[in-house]
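Biologist: Hi! Could you walk me through this one, a bit at a time?
Modeller: Happy to, let me put it on screen.

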Amino acid sequence: MPTISAAEKVLGDLRDRQEISDPEERDRLVAALEVLQAATDYQMFGVCAESQASGLQGLQGYARHFGAAIPATLMAELPAVAGSVYLKFNPRSQRLYVDTYTGTYRGVLISFQSDLTDGYNGTHGHFPLNLFS
């Protein structure tokens with residue numbers, strides 16, 4: 001298993017891409033994300049997308065992969081937002097947020113959270129929306 005510093009290097013090298021078509025790069029990215037997942041207690045997800053539908057699809061893929069499925073009730077309560085959006089999901093508090101987004105970045109940000117004061121905490125991304133779809 002790679003170290004946290006090795007995982008951070010991979011995440012830095014493969015960030016801010018709209019897609020990753022090389023299967024080896026995809027596997028390296030997924031493995032690095034899983035190293036940080038194993039080192040933390042939970043993750044929060046932020047999504048910058050062209051539309052609410054594409055953002056939700058990407059968010060659901062990441063949440064499922066990390067074992068944090070989004071409850072249907074949260075999805076049903078989410079207001080509709082036209083145009084580009086920013087979505088945020090905190091599995092621990094069970095909060096799902098959406099707002100308009102005027103920035104140019106697209107993809108998923110993952111905030112790795114540790115309950116321990118000396119545990120790993122860090123935010124990485126943007127990663128492709130379709131990484132887990």
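Biologist: Is Asp16 buried or exposed?
Modeller: Neither label fits: Asp16 counts as partly exposed because its relative accessibility is 36%. The classes are buried under 20% relative accessible area, exposed over 50% and partly exposed in between, with a 1.4 Å probe and protein chains only.

Biologist: What should I know about the model itself?
Modeller: It is a predicted model, where local features need pLDDT of at least 70 and side-chain atom pairs count only at pLDDT 80 or more, while totals for chains, interfaces and linings use all residues. Residues are numbered from 1 along each chain as its sequence is written, and side-chain values use heavy atoms, with hydrogens and water left out.

Biologist: Thanks. Where does Asp16 lie?
Modeller: Asp16 is in the loop between helix 1 (4-13) and helix 2 (23-38). Helices (H or I, at least four residues) and strands (E, at least two) are DSSP runs, numbered from the N terminus. The phi of Asp16 is near 60 degrees, a positive value in a residue other than glycine.

Biologist: Which residue forms a salt bridge with Asp16?
Modeller: That is Arg15, with the closest N and O atoms 3.8 Å apart. A salt bridge here is a side-chain nitrogen of Lys or Arg within 4 Å of a carboxyl oxygen of Asp or Glu. Arg15 is partly exposed, at 45% relative accessibility.

Biologist: How many salt bridges are there by this rule?
Modeller: The count comes to six. Among them is Asp27 with Arg26, where the closest N and O atoms are 3.9 Å apart. Asp27 is partly exposed at 47%, and Arg26 is partly exposed at 30%.

Biologist: And what is the N to O distance for Arg92 and Asp115?
Modeller: Their side chains meet in a salt bridge at 2.6 Å. Arg92 lies in the loop between strand 2 (85-90) and strand 3 (95-100), and Asp115 in the loop between strand 4 (107-113) and strand 5 (122-127), so the pair ties together parts that are 23 residues apart in sequence. Arg92 has a relative accessible area of 47% and Asp115 has 48%.

Biologist: Do strand 2 and strand 3 run parallel or antiparallel?
Modeller: Antiparallel, joined by six bridges. Strands count as paired if DSSP finds at least two bridges between them. One of the partnerships is Val85 with Thr100 in strand 3. The two strands form a hairpin with four residues between them. In that turn, Gln94 has a positive phi of about 55 degrees and is partly exposed, with a relative accessible area of 34%.

Biologist: New topic: how many aromatic pairs does a search of the whole structure find?
Modeller: Four. Rings of Phe, Tyr and Trp (its six-membered ring) pair if their centres lie within 6.5 Å; planes under 30 degrees apart count as stacked, over 60 as edge-to-face and the rest as tilted. Tyr62 and Phe132 form an edge-to-face pair, 4.9 Å centre to centre with 90 degrees between the planes. Tyr62 lies in helix 3 (residues 52-65) and Phe132 in the segment after strand 5, so this pair ties together parts 70 residues apart in sequence.

Biologist: Are those two rings' residues, Tyr62 and Phe132, buried or exposed?
Modeller: Tyr62 is buried at 0% relative accessibility, and Phe132 is buried at 14%. Both belong to one aromatic cluster with Phe45, Phe66 and Phe112.

Biologist: Last one: which peptide bond is cis, with omega near 5 degrees?
Modeller: The bond from Gly125 to His126. His126 is found in strand 5.
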